[in-house]
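Take a look at the sequence and the fold below. Then follow along, one step at a time.

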Amino acid sequence: MLNKTLGLVLPLWLLTLSSTPSLGQETTWKSKLKTKLNPDSLVNGHVNLIPIPIFQISPETGVRFGVSMDYFFNATKKDSTYPTRDSFAWIQAAYSLRRQLTIEPAWQIFSPEEKWFFRGRGGYSDFSEKVWGFGTTLLPYLDNSTIFYSRAYLQTAVLKRLAPSFFAGGQIRYNHTYRLRQEPPDAIVLPNEETTVAGGGWMTTFDSCNNPFSPTQGFYLEIGQLFFGSFLGGKYTYQESHLDIRHYRPFSKRHMIAFQGIATLSTGGEIPFRELPRLGGSNMGRGIVEGRSRDRQFLAAQTEYRYTINRFFKAAAFASTGHVIVTGK
């Protein structure tokens with residue numbers, strides 16, 4: 001199945017900060033507040049810990065709200081000879097009007113001189129999602145089944161810099177899905193049982209992007225492979241290979257274009273439906289409900305044009321295409 005989408009996004013980041021000035025310091029306070037309210041100050045080290053309200057509307061969650069506590073820092077030492085990019089860690093809690101709860105920490109940390117790179121996310125979710133089937137055999141859009149489940153998960157990688165912008169190391173993934181139920185129960189044949197997948201493997205990245213939060217120029221390449229089995233209590237045996245390639249290219253002060261291609265190839269034994277690669281959602285195939293298409297092999301690409309209106313507003317127009325491939329075991 002081939003899916004395409006075009007859209008226009010106008011994201012707005014609202015940072016709520018406060019300060020209490022003393023008498024006679026109004027000019028200094030206004031100057032500091034103006035600096036802090038500039039999103040660019042995050043990467044310049046002027047703001048470290050920021051509470052950010054979450055308010056989203058999407059086909060997958062409906063109305064969703066919560067809060068994210070974001071921490072930004074830079075590990076550069078005074079005597080460093082190799083530049084260190086900025087790091088971040090955050091934890092967020094969000095709840096939707098469809099009774100979907102997610103609590104998730106995430107981190108992306110460069111050690112001094114970028115000798116080591118740590119990345120990961122984990123957490124707990126009490127969630128639900130729509131399922132139409134697998135591969136090219138899909139139910140009509142309105143005839144889906146809804147799967148309810150709880151999930152504990154962790155995916156993390158530790159990489160060492162081997163050359164400028166080049167990192168290599170190991171990665172681990174653990175997903176435990178339980179308390180599954182399906183409504184309506186007979187729309188699609190799915191195993192409503194507890195599943196645990198756990199795997200370890202390798203990962204290499206080449207990252208020359210200028211900014212880890214919102215790149216405007218540079219190249220990113222990630223290649224990795226995971227081997228799932230009885231490691232850490234896993235109950236499924238299969239392999240997953242992953243490729244992610246991106247390029248960011250500015251062509252004036254306000255204009256930039258970005259490209260991304262992704263491939264996920266799964267082979268081996270049985271794979272739980274919740275672990276299958278899928279098209280759609282907020283990252284790839286935007287405009288398509290996440291999970292409309294899913295199967296063992298997944299290919300997708302997107303391009304995005306970004307325009308900086310001012311320091312608070314950016315506009316983006318994007319196009320994407322994706323394909324899931326039915327392969328059997």
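The paragraphs below go from the overall fold to its strands, its core, its charged pairs and its surface.

Keep in mind that this is a predicted model. Start with the whole chain. The protein has 329 residues, and 40% of them count as buried. Its secondary structure comes to one helix and 18 strands. Now think about contacts between residues with a separation of 6 or more. In this protein, 58% of those contacts are made by residues 24 or more positions apart. The outside can be described too. The protein exposes about 17,700 Å², and carbon and sulfur atoms supply 60% of that area.

Next, follow three strands. Strand β12 covers residues 218–228. Strand β13 covers residues 238–250. β12 and β13 pair in the antiparallel sense, over eleven bridges. One example is Ile 223, whose bridge partner in β13 is Leu 243. β13 also pairs with β14, again in the antiparallel sense, over 13 bridges. β14 spans residues 255–268. Here Tyr 248 has Ala 258 in β14 as its bridge partner. How many residues make up the hairpin that joins β13 to β14? The hairpin connects the two strands through four residues.

Stay with β14 for a moment and find Ala 263, which lies in that strand. Is Ala 263 buried or exposed? Its relative accessible area is 13%, so Ala 263 is buried, since buried means under 20%. Which residues does Ala 263 touch, leaving aside its neighbours within four places in sequence? Its contacts are Ser 241, His 242, Leu 243, Phe 298 and Leu 299. Leu 243 is familiar: Leu 243 is the bridge partner of Ile 223. Ala 263 can also be compared in position with Ile 245. The two are 18 residues apart along the chain, and their C-alpha atoms are separated by 9.2 Å.

Now turn to the inside. In soluble globular proteins, nonpolar side chains tend to be buried together. The largest nonpolar core in this model has eight residues. They are Phe 127, Val 131, Ile 147, Tyr 149, Leu 180, Ile 188, Leu 190 and Phe 273. Two elements, β6 and β9, give two or more residues to this core. β9 runs over residues 145–163. Look closely at Ile 147. Not counting residues up to four places away in sequence, Ile 147 touches several core members, including Phe 127, Val 131, Leu 180, Leu 190 and Phe 273. Ile 147 also touches Ser 128, Glu 129, Arg 181 and Gln 182.

Charged side chains come next. Side chains of opposite charge can pair when their charged atoms come close. The structure holds 14 salt bridges. One of them joins Glu 222 and Arg 119, at 3.0 Å from N to O. This pair links distant parts of the chain, with Glu 222 in β12 and Arg 119 in β6, 103 residues apart. Strand β6 itself covers residues 116–131. Glu 222 is buried, with a relative accessible area of 7%. Arg 119 is at 21%, so Arg 119 counts as partly exposed.

A second salt bridge joins Glu 129 to Arg 274, with the closest N and O atoms 3.1 Å apart. This pair also links distant parts of the chain: Glu 129 is in β6, Arg 274 is in the loop between β14 and β15, and 145 residues separate them. Are these two residues buried or exposed? Glu 129 is buried at 9% relative accessible area, and Arg 274 counts as buried at 15%.

A third salt bridge is formed by the side chains of Arg 181 and Glu 183, at 2.4 Å from N to O. Arg 181 counts as partly exposed, at 41% relative accessibility. Glu 183 is partly exposed as well, with a relative accessible area of 41%. Some salt bridges share partners. Through them, Glu 129, Arg 274, Arg 278, Glu 290 and Arg 294 are joined into one network.

Finish on the surface. Which residues make the nonpolar surface patch of about 440 Å²? The patch is made by Leu 49, Met 69, Tyr 71, Ile 91 and Ile 103. Of these, find Met 69 in strand β3, which covers residues 62–73. Met 69 counts as partly exposed, at 37% relative accessibility.

Definitions and conventions
Residues are numbered from 1 along each chain as its sequence is written. This is a predicted model: local features need pLDDT of at least 70, side-chain atom pairs count only at pLDDT 80 or more; totals for chains, interfaces and linings use all residues. Side-chain values use heavy atoms; hydrogens and water are left out. Buried means under 20% relative accessible area, exposed over 50%, partly exposed in between (1.4 Å probe, protein chains only). Contact means heavy atoms within 4.5 Å. Accessible areas come from the Shrake-Rupley method with a 1.4 Å probe; for residues, only the protein chains shown count as cover. A salt bridge is a side-chain nitrogen of Lys or Arg within 4 Å of a carboxyl oxygen of Asp or Glu. A nonpolar core is a set of buried Ala, Val, Leu, Ile, Met, Phe, Trp, Tyr and Cys residues joined through side-chain atoms within 4.5 Å. Patches are made of residues with over 30% relative accessible area and no salt bridge: like charges are joined within 9 Å, nonpolar side chains (Val, Leu, Ile, Met, Phe, Trp, Tyr) within 5 Å. Two strands pair if DSSP finds at least two bridges between them.
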